[in-house]
Amino acid sequence: MEGRSMDVDWQADLDRWLAPFVAALRHKTRARMCPFYVAGLIGPGDRKSVQPMAARAGEVGYDQLHHFVAAGVGTVLRSRLHC
């Protein structure tokens with residue numbers, strides 16, 4: 001794994017692990033938001049607010065991530081992932 005940063009390795013591992021969950025969502029936007037939300041839950045920083053998660057994700061807007069969580073998808077994922 002020479003030449004790859006730990007952040008890239010971590011993100012690739014998370015994407016691989018999440019693939020079955022994302023596929024089960026069967027919704028393009030929700031599938032896009034899922035990895036950002038889970039990374040926000042398990043990554044460093046304030047996990048209790050969507051705003052810091054969206055800020056750390058960079059390319060994801062607060063409104064998009066908040067809608068994902070408010071739609072209840074985030075709650076279902078959190079219960080299944082035991083976060």
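Start by selecting Leu-18 in this predicted model. Setting aside residues up to four places away in sequence, Leu-18 touches Cys-34, Pro-35 and Val-38. Show those three as sticks and keep Leu-18 in view.

Next, click on Pro-35. Which helix holds Pro-35? Pro-35 is in helix H2. Is Pro-35 buried or exposed? Its relative accessibility is 17%, and buried means under 20%, so Pro-35 counts as buried. Now bring up its partners: beyond the neighbours within four places in sequence, Pro-35 is in contact with Leu-14, Asp-15, Leu-18 and Val-22. Try a distance label between the C-alpha atoms of Pro-35 and Val-22: they are 8.0 Å apart in space, with their positions 13 residues apart in sequence.

Stay with Leu-18 and widen the selection to the nonpolar core. The largest nonpolar core has 18 residues. Which residues have the most contacts inside it? Those are Leu-18, Cys-34, Tyr-37, Leu-65 and Phe-68, so colour these five differently from the rest if you like. Then colour by element: helix H1 (6–25), helix H2 (28–42), H3 and H4 each give two or more residues to this core. H2 supplies the largest share of this core, with seven residues.

Now move along to H3 and H4. Select residues 50–57 for helix H3 and residues 62–70 for helix H4. How do the two axes meet? They come within 9 Å and cross at roughly 130°, and H3 and H4 are therefore oblique to each other. Rotate the view until one helix lies over the other: H3 passes H4 in a right-handed crossing. To see the contact itself, pick Val-50, Gln-51, Met-53 and Ala-54 on the H3 side, then Tyr-62, Leu-65, His-66 and Val-69 on the H4 side. Colour those by residue type and you'll get six nonpolar, two polar and no charged. Leu-65 is worth a second look here: this H4 residue is part of the contact with H3 and is also among the residues with the most contacts inside the largest core.

Finally, zoom out to the cartoon. How many helices and strands does the chain have? The count is five helices and zero strands, and from the N terminus on the elements run α-α-α-α-α. Switch to a surface or colour by accessibility, and buried residues come to 31% of the 83 in the chain. A contact map makes a good last stop: among contacts between residues at least 6 apart in sequence, 45% join residues at least 24 apart.

Technical notes:
Residues are numbered from 1 along each chain as its sequence is written. This is a predicted model: local features need pLDDT of at least 70, side-chain atom pairs count only at pLDDT 80 or more; totals for chains, interfaces and linings use all residues. Side-chain values use heavy atoms; hydrogens and water are left out. Axes are lines fitted to C-alpha atoms, for helices over the stretch in contact, and angles run from 0 to 180 degrees between N-to-C directions. Helices (H or I, at least four residues) and strands (E, at least two) are DSSP runs, numbered from the N terminus. Angles under 35 degrees count as roughly parallel, over 145 as roughly antiparallel, 65 to 115 as roughly perpendicular and the rest as oblique. A crossing is left-handed if the near helix is turned anticlockwise from the far one by less than a right angle, and right-handed if clockwise. Contact means heavy atoms within 4.5 Å. Ala, Val, Leu, Ile, Met, Phe, Trp, Tyr, Cys and Pro count as nonpolar, Asp, Glu, Lys and Arg as charged, and the others, Gly among them, as polar. A nonpolar core is a set of buried Ala, Val, Leu, Ile, Met, Phe, Trp, Tyr and Cys residues joined through side-chain atoms within 4.5 Å. Buried means under 20% relative accessible area, exposed over 50%, partly exposed in between (1.4 Å probe, protein chains only).
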